[in-house]
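Grab a pencil and have a look at the model below. Try each exercise yourself before you read its solution.

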Amino acid sequence: MDRQRTSYPTDNQPTGLNTVNAGRRDHVSLVRTLSAASVVAVVILAQVGLVLAPSQLGQHPLLVLALRPTPAFLVLVGDLVASTTAILMASISRTLVDMAYFAVARYGALPIAQRFGVGRDLARGVSRRTATRGLLTVSFFWSSTPVVAAIGLGRTPILKFLAVTGIGNIATSSVFVLS
């Protein structure tokens, strides 16, 4: 029987399963790279915003707010620009930051953490329904990196996370801008 006509996979003939797995690996690798690059970009832009803040706050407050959408700058910028614009800019910026940290936790840290017993236990713990609800509630009222990373380590779907954190960022940004 000819080697080309065998029904079982050989070294020279890729199977459909192998090409699917290779495509999935390429996709996951691309997502990991993009999420890591986005976090690096967020950190760099935040530091640039911090450096530019004293000199640019009076002239370009929206630029400072886009680079550094922290509560302190929301309060400072609240009187300098239209409230709606500041709320929109801050909520979008903060949601993008949260999405970057979520992606790093989900696609970068989770596969590594699941290789070890403690990491598996942690991922299982934050995947519980009560833990997920608690983390999403905290994220709604106060979005912080550890909470977002914990949500990323769990099984929360990204669309559910984005809905909660997006609406939460709009609400908290409104409070800081209008205060």
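What follows is a set of four short exercises, each worked through step by step.

This is a predicted model, where local features need pLDDT of at least 70, side-chain atom pairs count only at pLDDT 80 or more, and totals for chains, interfaces and linings use all residues. Residues are numbered from 1 along each chain as its sequence is written, and side-chain values use heavy atoms, with hydrogens and water left out.

**Exercise 1.** Work out whether the length of helix α4 fits its residue count, and find where α4 is kinked.

*Solution.* Start with the count: α4 covers residues 83-113, which is 31 residues. (Helices are DSSP runs of H or I, at least four residues, numbered from the N terminus.) The expected span is 1.5 Å times one less than the number of residues, so α4 should span 45 Å. Its end C-alpha atoms are 42 Å apart, which agrees. Now the kink: α4 bends by about 30 degrees, centred on A105. That bend is the angle between axes fitted to the seven residues ending there and the seven starting there.

**Exercise 2.** Is G152 buried or exposed, and what does G152 touch?

*Solution.* First place G152: it sits in helix α7, residues 145-153. Its relative accessibility is 0%, so G152 counts as buried (buried is under 20% relative accessible area, exposed over 50%, partly exposed in between, with a 1.4 Å probe and protein chains only). Skipping residues up to four places away in sequence, G152 touches F102, A105, R106 and L110, where contact means heavy atoms within 4.5 Å. A105 is also the centre of the α4 kink.

**Exercise 3.** Find the partners in the structure's one salt bridge.

*Solution.* Look for a side-chain nitrogen of Lys or Arg within 4 Å of a carboxyl oxygen of Asp or Glu. D121 and R124 fit, with their closest N and O atoms 3.3 Å apart. Both lie in helix α5 (residues 117-126), three residues apart, about one turn of the helix. D121 is partly exposed at 47%, and R124 is partly exposed at 48%.

**Exercise 4.** Which helix gives the most residues to the nonpolar surface patch?

*Solution.* List the members: L88, I92, L96, M99, I158 and L159, with about 560 Å² of accessible area together. (Patch residues have over 30% relative accessible area and no salt bridge, and nonpolar side chains, meaning Val, Leu, Ile, Met, Phe, Trp and Tyr, are joined within 5 Å; areas come from the Shrake-Rupley method with a 1.4 Å probe.) The elements giving two or more residues are α4 and α8 (158-178). The winner is α4, with four residues. From α8 comes I158, partly exposed at 32%.

Technical notes. Patches are made of residues with over 30% relative accessible area and no salt bridge: like charges are joined within 9 Å, nonpolar side chains (Val, Leu, Ile, Met, Phe, Trp, Tyr) within 5 Å.
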